[in-house]
Amino acid sequence: MHILIIEDEAKTAAYLHKGLTEQGFVVDLAYDGQNGLFMAQQGNYDLIILDIMLPKLDGWRVIQQFRLSDRKVPVIFLSARDTIEDRVKGLEQGADDYLVKPFAFSELLARIRSLLRRGHVQQAETLNIVDLEIDYLKHKVARAGKTIDLTPKEFALLSLLARRKGEVLSRTLIAEQVWDMNFDSDTNIIDVAIRRLRQKIDHQHAVKLIHTVRGVGYFLDERDE
Ligand code: CA
C-alpha cells in the first residue's frame, strides 16, 4: 500500500513517515502543495494525507485540483485548523476524513485502515443508509424522502457516525471530532445531542439507525441493537 504525505512541518512528516513505514506502508513525502499535487497526479497512490497550511499551494487548492482528475483515491486532511467550518469545507471539497492536530497516531492508523478497507471509496457526495440520505454538498438530510432539519452540530455528528457506519465511536472521539473538546470535558453534551438526533432521525421510523453500546459509545447502522 502506497501512501503520499503532503506536509511541510519536517517533524510531523518524519514522525508520520516512520510510523507508517513501520506499519508496512510505502510512504512518499512532499513538503509543499505544488510538489504534492504533482506527485499525487503522477503517482499511483492508495491514499493521501494532506495538510492544509502548506507553502506554494494550500491544501484546499491541492484537493480541488486533484479531484478534477481523480475522484477515487482517499484523502485525509490533517490540520491544526479545527473549526467545524474547516472540517465541513474539507469534506465538501472531497476529503474522505479530517483529523485535527495534535492527533494520536493510533487514531490516524485506524482511519487509514478503515478507508483502505472500504477500498477505493466512492467519492461520497451523498450517502444512503437504508432510507436515510445525506447530501454533503447541499447539507441536506432526508429519511424516507422527507427532509429533516438539523443544526450544524447535528449534521456534523450524523456525518461522522454515517461515514464510519458500523464502527462504535466513543464519546471522547465524538467530542474531539464534533465539539473540539478534550477527553475530560463534560461528555453529557454528547448524550444530549445523540438524543436530539435520534428524535429527528429515528423516532418516527421502525428501523432504528443510531445505536448505543453501553459504557462504550454510539454507532450508526441498519442492524438491530
Ligand atoms: Ca502546515
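A polar contact is a pair of N or O atoms within 3.5 Å; within protein, one atom must be able to donate a hydrogen and the other to accept it. Such a contact occurs at Glu154 in this predicted model. The side chain of Glu154 reaches the backbone nitrogen of Thr151, at 2.9 Å.

Glu154 belongs to helix α6. Its relative accessible area is 7%, which is under the 20% limit, so Glu154 counts as buried. Leaving aside residues up to four places away in sequence, Glu154 touches Asp149, Arg196, Leu197 and Lys200. With Lys200, Glu154 also forms a salt bridge. The closest N and O atoms of this pair are 2.7 Å apart. The bridge links distant parts of the chain. Glu154 sits in helix α6 (residues 152-163), whereas Lys200 sits in helix α8 (residues 188-201). The two residues are 46 apart in sequence. Unlike the buried Glu154, Lys200 is partly exposed, with a relative accessible area of 33%.

In total, the structure holds 15 salt bridges. One of them joins Lys101 and Glu9, with the closest N and O atoms 2.9 Å apart. This pair, too, connects distant parts of the chain. Lys101 lies in the loop between β5 (97-100) and α5 (105-117). Glu9 lies in the loop between β1 and α1, 92 residues away. Lys101 is buried, at 14% relative accessible area. Glu9 is partly exposed, at 38%.

A local salt bridge is found between Glu22 and Lys18, at 3.0 Å from N to O. These two residues are four apart in helix α1, so about one helical turn separates them. Both ends are exposed: Glu22 has a relative accessible area of 57%, and Lys18 has 53%. Elsewhere, salt bridges with shared partners join Asp97, Glu107, Arg111, Arg164 and Glu167 into one network.

The model also contains a calcium ion. Its protein donors are Asp8 (OD), Asp51 (OD) and Met53 (O). They lie 2.1 to 2.3 Å from the ion. Along the chain, the donors follow the spacing D-x42-D-x1-M. Asp8 is in the loop between β1 (2-6) and α1 (10-22), and Met53 is in the loop between β3 (47-51) and α3 (59-69). The pair therefore ties together parts that are 45 residues apart in sequence. Asp8 counts as partly exposed, at 30% relative accessibility. Met53 counts as exposed, at 51%.

Asp51 leads from the calcium site to the sheet. This donor stands opposite Leu78 in β4. β3 pairs with strand β4 (residues 75-79) in the parallel sense, over four bridges. The open sheet has five strands, in the order β2-β1-β3-β4-β5, and the pairing is parallel. β2 (26-30) and β5 stand at the edges. Each has a single partner strand, so one side of each is left without a neighbour in the sheet. On average, neighbouring strands are turned by 20° against each other, direction ignored. Helix α3 packs on this sheet and touches β1, β3 and β4. The direction of α3 makes about 175° with that of β4.

Conventions: Residues numbered from 1 in each chain as written. Predicted model: local features only at pLDDT ≥ 70, side-chain atom pairs only at ≥ 80, totals over all residues. Heavy atoms only, no water. Donors = N, O, S within 2.8 Å, 3.2 Å for Na, K, Ca; no water. Buried < 20%, exposed > 50% of the residue type's maximum accessible area, 1.4 Å probe, protein only. Salt bridge = Lys/Arg side-chain N within 4 Å of Asp/Glu carboxyl O. Contact = heavy atoms within 4.5 Å. Pairing = 2+ DSSP bridges. Axes fitted to C-alpha atoms, helices over the stretch in contact; angles between N-to-C directions.
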